[in-house]
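Q: Please take a close look at the salt bridges of this structure, and explain which residues take part and how exposed they are.

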Amino acid sequence: MDHCYGHWLNQTLPLEIHGAYQTCWKCHKPTRIITEIVFRVDQVYKGARRLTGRLSDFDSPIGRRCFNQAIASLDLRGLGIGVVKDRYSRTMGGSYLSNGCAHCDSLQGAFFEHEVWHESELVTTTM
């Protein structure tokens, strides 16, 4: 697959960002992480299903490009969300696309996301 999902549909898709707050392990301040990204294909094409994913679903060169295109118009910092980028994890033994703390930019490990999933809520939408 060479293109982002909405790109080969020749359509800009509405997007939902879901997130939850957690306490940063390093600076101990509350920071919001992205827990789910939802492409609302159903709002553009009748009978279609929405596409839901986590950051790990975008952890490839094409995925990163698609993710960055999808969120380009969003002010993540204004939403309390840190920068999403590749970060090195000693635990994982490599780099992966990850949430960062909105205050200190430290990696907010994917391993701990399950602890806040039950608190995940819609943070913002596009279109």
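A: What follows goes through the salt bridges one pair at a time. This is a predicted model, in which local features need pLDDT of at least 70 and side-chain atom pairs count only at pLDDT 80 or more, while totals for chains, interfaces and linings use all residues. Residues are numbered from 1 along each chain as its sequence is written, and side-chain values use heavy atoms, with hydrogens and water left out.

The structure holds seven salt bridges, a salt bridge being a side-chain nitrogen of Lys or Arg within 4 Å of a carboxyl oxygen of Asp or Glu. One of them pairs arginine 87 with aspartate 105, at 2.6 Å from N to O. This pair links distant parts of the chain, since arginine 87 belongs to strand 4 and aspartate 105 to the loop between strand 5 and strand 6, 18 residues apart (strands are DSSP runs of E, at least two residues, numbered from the N terminus). Arginine 87 is buried, with a relative accessible area of 7%, whereas aspartate 105 is partly exposed at 30%; buried means under 20% relative accessible area, exposed over 50%, and partly exposed in between, with a 1.4 Å probe and protein chains only.

Aspartate 105 also forms a salt bridge with lysine 85, where the closest N and O atoms are 2.9 Å apart. Lysine 85 lies in strand 4 (residues 85–89), so this pair ties together parts that are 20 residues apart in sequence. Lysine 85 is partly exposed, with a relative accessible area of 35%.

Another salt bridge joins aspartate 42 to arginine 40, with the closest N and O atoms 2.6 Å apart. Arginine 40 is buried at 12% relative accessible area, while aspartate 42 is partly exposed at 27%.

Note on methods
Helix = DSSP H or I, 4+ residues; strand = E, 2+ residues; numbered from the N terminus.
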